[in-house]
2 protein chains.
Amino acid sequence: MANSRLPEAIPALVDRALQGDRRALSRLISRVENGGVEAWSALALIYPRTGQAQIVGVTGAPGTGKSTLVSELAKHTRRHHPEITVGIVAVDPTSPFSGGAVLGDRIRMRDLSGDAGVFIRSMATRGSLGGLARATTDVVKVLDAAGFQLILIETVGAGQSEIDIARTADTVIVVEAPGLGDEVQAIKAGILEIADVLVVNKADRDGVQSTVNALHTMIDLGKAPTSVLHHGHLTTIAAPLDAPTDRWRPPILKTIASESTGIAEVLDAMAQHCAYLSDHPEGQQRAKVRAAIELETILREALLQRLLDRIGPAELNRTIEQVAARAIDPYSAAQQLLS
Amino acid sequence: MANSRLPEAIPALVDRALQGDRRALSRLISRVENGGVEAWSALALIYPRTGQAQIVGVTGAPGTGKSTLVSELAKHTRRHHPEITVGIVAVDPTSPFSGGAVLGDRIRMRDLSGDAGVFIRSMATRGSLGGLARATTDVVKVLDAAGFQLILIETVGAGQSEIDIARTADTVIVVEAPGLGDEVQAIKAGILEIADVLVVNKADRDGVQSTVNALHTMIDLGKAPTSVLHHGHLTTIAAPLDAPTDRWRPPILKTIASESTGIAEVLDAMAQHCAYLSDHPEGQQRAKVRAAIELETILREALLQRLLDRIGPAELNRTIEQVAARAIDPYSAAQQLLS
């Protein structure tokens with residue numbers, strides 16, 4: 001007979017995790033990922049300790065070599081600045097059922113795993129729409145509070161929620177690669193607009209210069225920064241309409257991450273963007289947008305949860321059956337549930 | 001001086017659109033896309049006319065040739081069954097700013113555009129998380145009510161919201177292709193579980209048989225149908241835990257869409273799946289899951305909108321600023337707004 005153990009109390013777990021106990025940190029992250037009241041109480045406890053880390057989102061289409069770049073950024077940092085600890089959050093939005101962890105990524109990051117100054121966490125989709133964005137932001141907060149000075153969030157830049165995840169970072173690196181197909185190229189149109197640093201990886205491939213040129217052209221054509229900021233409900237409220245005139249122009253850097261080429265330059269650009277944000281009004285504006293995204297995500301989850309708690313599964317199931325049978329349209333059904 | 005014209009009244013616009021006026025249909029779709037009260041009233045009007053179309057989601061990783069396949073499915077249907085009209089909804093979740101329409105897709109679908117029996121609509125991300133799923137489902141309803149018998153929804157199968165979009169279809173076709181990279185392969189792990197028909201496109205490429213074999217293995221390993229259904233909040237309520245034992249096994253078909261090869265077989269599989277759904281309890285279960293997804297999406301949007309209307313932008317902005325300045329944590333801020 002196994003002993004049934006009570007789960008650790010959150011305050012004690014938070015204490016241990018923030019004092020450097022890595023297994024406690026893992027458990028705390030799992031509890032935070034699960035969401036709900038427990039996660040809220042943990043986040044309220046750690047919140048005063050957050051706000052110290054440099055948070056960098058790394059995103060790009062499949063096949064650009066994001067994971068390798070992230071791994072190299074971590075390795076280079078650890079080699080040249082051993083005092084800086086690195087947290088990596090690898091978001092895998094497309095394995096909601098397997099529990100995450102893309103095998104290839106794991107292999108690429110293997111040589112980081114022996115380093116106690118690096119903490120890697122894979123995340124898969126949790127709950128439904130919005131759940132992953134909420135969980136990722138929260139896990140980043142835990143790592144921030146636990147003292148990781150550089151936090152790298154890796155997401156495949158394909159869906160809206162992944163774009164939102166990237167936007168919760170201070171600096172967004174968009175990774176491109178020469179010679180991807182039509183449709184892959186199209187994907188970047190959306191994420192290009194959130195790029196602070198553009199990296200053309202796999203720069204030993206044919207077509208690298210035309211990729212770089214295309215990116216320069218797209219940047220010259222003028223991103224519309226305010227439209228980016230006016231995406232969600234709350235971000236519309238958070239961001240003023242006038243864009244700063246001395247806006248940051250995303251540098252375009254070439255790397256061959258698999259050969260550790262060009263990594264220092266990317267880290268330099270990250271540092272420069274960080275300095276820019278602290279000197280310019282855009283830094284504050286971005287903090288507001290980030291707060292707005294966070295708040296909106298939390299509100300969405302909380303509102304639905306409250307409604308479901310109030311109505312109860314029996315009535316919900318009845319309503320779902322009515323909609324399925326076309327006895328009522330879903331809008332009128334929603335209105336009934338809401339009133 | 002331009003005359004300022006009032007927007008058309010929704011009931012009149014619905015009438016014209018459902019009577020076959022294509023320009024009215026386009027305008028109605030735009031109004032429905034925009035959401036809000038107007039969309040709700042339009043959808044309530046058209047709802048009794050929906051439920052007639054065969055709705056097929058076509059999804060897959062970038063580079064698999066989804067658009068070409070969709071275009072070929074439409075062409076083949078129109079050539080052999082000219083009485084069947086086809087609606088295509090191309091969802092482009094990664095161009096929230098450009099207003100949609102991937103150039104490559106448009107070119108590939110060009111030869112459909114002269115056919116009055118085909119209606120193509122591109123959709124880009126609208127609003128924030130969940131907005132696109134809501135809008136797509138609603139546009140499909142409009143096309144259904146307007147009498148399109150076959151509706152093809154094309155989404156890149158990369159993010160959770162795109163998976164949710166695919167799941168609103170009766171039949172989900174997941175498109176694969178041989179020789180895509182590591183990371184692209186990984187993407188399919190998630191979407192494979194929602195496949196009713198598997199298509200290995202670009203079957204003239206090297207490695208097609210190993211792709212087919214890998215898919216057979218993955219299917220034999222056993223999909224976990226119930227876990228798929230237990231993804232969202234409401235779907236957990238909607239779907240019973242016991243999976244039917246005589247479950248549909250997704251056929252694996254080879255196509256070369258760019259040469260119109262294998263298209264008839266895909267259409268056959270679609271028809272067989274349609275017949276299966278109407279004969280088996282899974283069809284009803286799926287209708288319930290679809291209703292649950294729809295209801296959840298509508299509730300999420302409506303709940304947030306109601307809250308925002310109640311609070312007003314001034315207070316929201318104040319709260320966002322407090323969170324941004326770390327004067328309050330976002331969870332406590334959300335709790336304040338909710339109470």
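Author: A helix here is a DSSP run of H or I with at least four residues, a strand is a run of E with at least two, and both are numbered from the N terminus. The model is predicted. Keep both in mind for the loop that holds B:Lys202.

Reader: Where is B:Lys202 placed in chain B?

Author: It sits in a loop of chain B, after strand S6 (197–200) and before helix H9 (208–220).

Reader: What makes B:Lys202 count as buried?

Author: The cut-off for buried is 20 or more other C-beta atoms within 10 Å. B:Lys202 has 24 C-beta neighbours inside 10 Å, so it counts as buried. Its backbone also deserves a look. Phi of B:Lys202 is near 60°, a positive value, and the residue is not a glycine.

Reader: Is B:Arg326 buried or exposed, or in between, and why?

Author: In between. Partly exposed means a count above 12 and below 20. B:Arg326 has 14 other C-beta atoms within 10 Å, and therefore it is partly exposed. This residue belongs to the loop that links helix H14 (313–324) and helix H15 (330–338) of chain B. B:Arg326 is not a glycine, yet its phi is positive, at about 60°.

Reader: Now the helices. What are H4(A) and H12(A) to each other, and why?

Author: Roughly perpendicular covers angles of 65 to 115 degrees. Helix H4 (residues 66–80) and helix H12 (residues 263–279) of chain A pack at about 85°, with axes 10 Å apart. H4(A) and H12(A) are therefore roughly perpendicular.

Reader: Which residues of H4(A) and H12(A) meet?

Author: From H4(A) come A:Glu72, A:Leu73, A:His76 and A:Thr77, and from H12(A) come A:Ile263, A:Ala264, A:Val266 and A:Leu267. By class, this contact of H4(A) with H12(A) has five nonpolar, two polar and one charged residues.

Reader: Why is H1(A) called oblique to H2(A)?

Author: Start with the angle. Helix H1 (residues 10–18) and helix H2 (residues 22–33) of chain A pack at about 135°, with axes 8 Å apart. Roughly perpendicular stops at 115, and roughly antiparallel needs over 145. The angle fits neither, so H1(A) is oblique to H2(A). The crossing of H1(A) and H2(A) is left-handed. Its contact residues include A:Leu13 and A:Arg16 of H1(A), and A:Leu25 and A:Arg31 of H2(A). By class, the contact of H1(A) with H2(A) has seven nonpolar, no polar and three charged residues.

Reader: What makes H1(B) oblique to H3(B)?

Author: The axes of helix H1 (residues 10–18) and helix H3 (residues 36–46) of chain B come within 10 Å and cross at roughly 45°. Roughly parallel needs an angle under 35 degrees, and roughly perpendicular starts at 65. That is why H1(B) is oblique to H3(B). The crossing of H1(B) and H3(B) is right-handed. Among the residues in contact are B:Val14 of H1(B) and B:Leu45 of H3(B).

Reader: Which residues have the most contacts inside the largest nonpolar core?

Author: They are A:Ile151, A:Leu152, A:Ile153, B:Ile151, B:Leu152 and B:Ile153, in a core of 166 residues. Setting aside neighbours within four places in sequence, B:Leu152 is in contact with B:Val56, B:Val58, B:Val70, B:Leu73, B:Ala74, B:Val86 and B:Ile88. In soluble globular proteins, nonpolar side chains tend to be buried together.

Methods
Residues numbered from 1 in each chain as written. Chains lettered and ligands numbered in written order. Predicted model: local features only at pLDDT ≥ 70, side-chain atom pairs only at ≥ 80, totals over all residues. Axes fitted to C-alpha atoms, helices over the stretch in contact; angles between N-to-C directions. Contact = placed C-beta atoms within 7 Å. Nonpolar A, V, L, I, M, F, W, Y, C, P; charged D, E, K, R; others polar. Left-handed = near helix turned anticlockwise from the far one by under 90°. Core = buried A, V, L, I, M, F, W, Y, C linked by C-beta atoms within 7 Å.
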